[in-house]
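Thanks for sharing this one with me. Here are my notes, in the order I would read them with the model open.

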Amino acid sequence: MPTQPDQLRPLPVSPGPVHNETLGSYLHRLAIANNRPAGVLARLLGPLPPEFSPLSDTTATWTPHSPHGLATLAERPVTVLARALPALADFLNPDGPQPRPHRVIGRPCRCCTARRSSTASLVILVLPAHQHLCWRHQRWTRSTHDIPLTHLPEVIPAQRRLDQLARRYRHLGQALNLARKIVEEWSFSGMPIDLASEWTDRLDRIERHPASMRIPAEDRHHLAAFPEIAVLANLILDPPTHTIDPKELYIATTAELSRRFARIYTTFGTQDPLYQRFCKPFAAQTPD
Ligand SMILES: [Zn+2]
C-alpha cells in the first residue's frame, strides 16, 4: 500500500523507547499501544524490511526522511530517540567515533520488562554480547524465559569477571562464542577434563525452576556450563603463552585449565577441539 502523507502524524499513544531498544521492538510497542499493525507503521518510514519483527534492527530500507517520520509518530525529538535506539543513532552518524563492541539481540528480564513497558509488551534490546543476566533482579535472560539465579550463585562471579574483561577486550563476544563451541564439542567428543559433576549438579538446580522446562535443552546446558565457558573465554583472550608453536600453546593452556579447575586435563592432542579451534588458529595468527 502506498504511503499516504496524512498518515504520518503523531500517534495518539506514544510510549518512549527503552534504552538500547531495537527499532522493530519500538515500532511493535508503538503499534500495540495504538492498536495498529506494526508493519503499517514501519512502512511509513520506508519499505518493510524482510522478516520484520521485534528482533529487526535495520535501517537498510530507510530514506533520509525516515528519522523525522519516526520522530513525528513518537512525538519526540529525533535526538531524544537516537539516545535510546542504537540503529537510529548509527543511521544519523554512520561514521561514529567508535565501532560498537560485539552486540547481540536480547531482552531485559521479566521484571524489567514490566517496569519499562507500560503495556507489558515484549521489549527487545541490543545488548553487549557478554551480558547474560539482569543484575538488578538476578535472573539469567539468555533464553525465552528467565531463570532466577538464587540457586546458581556461581553464575554471578562468572558474569562479574566477564564484565571486567569487557572493559579490557573488545573481542570478548567472539572469545565467548569460541569458548562455548569448544565446550560443546568436548561434550560430544569426550571430555578431556571431568566437569560432569558440576554440570549435572547445576542442571538439577536449573530444572528445579518451573520455567526451565519451557526453555530449550541447549539453553539449559549453556547456563550449566557458563562458569567454565567464562574461564575458557578468559584464557582465550589472555593465553598463558604467546608462543607461535600451537603444540606449546596447547600444552600451556591445558596445564592452566588443569590448575584452574583443580583436576587432570587429558591431553587429546591435535584432535582436541581446544587445539583445533583455538591453539592452531591462534598460533597461525601470531607474528614472528
Ligand atoms: Zn531485571
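1. A word on terms: two strands pair if DSSP finds at least two bridges between them, and strands (E, at least two residues) and helices (H or I, at least four) are DSSP runs numbered from the N terminus. By that rule, β3 is joined to the antiparallel strand β4 (residues 139-140) by 2 bridges. Leu133 sits opposite Trp140 of β4.

2. These strands belong to an open, antiparallel sheet of 3 strands, ordered β3-β4-β5. Its edges are β3 (133-134) and β5 (147-148), each pairing on one side only.

3. Please keep in mind that this is a predicted model, with local features needing pLDDT of at least 70, side-chain atom pairs counted only at pLDDT 80 or more, and totals for chains, interfaces and linings using all residues. Residues are numbered from 1 along each chain as its sequence is written.

4. Do look at helix α12 (residues 273-285), which bends by about 30° at Cys279 (the angle between axes fitted to the seven residues ending there and the seven starting there). Pro281 follows within four residues.

5. Cys279 is also buried, as are Leu274, Tyr275, Phe278 and Ala283 of α12 (20 or more other C-beta atoms within 10 Å of their own, C-beta atoms being placed from the backbone). The cover over the buried residues of α12 includes α8 (172-189), α10 (217-237) and α11 (246-261).

6. Finally, an automatic or database assignment gives domain 1 (5-116) and domain 2 (131-285). Their centres, taken over C-alpha atoms, are 34 Å apart.

How values were computed. Buried ≥ 20, exposed ≤ 12 C-beta atoms within 10 Å, placed from the backbone. Contact = placed C-beta atoms within 7 Å.
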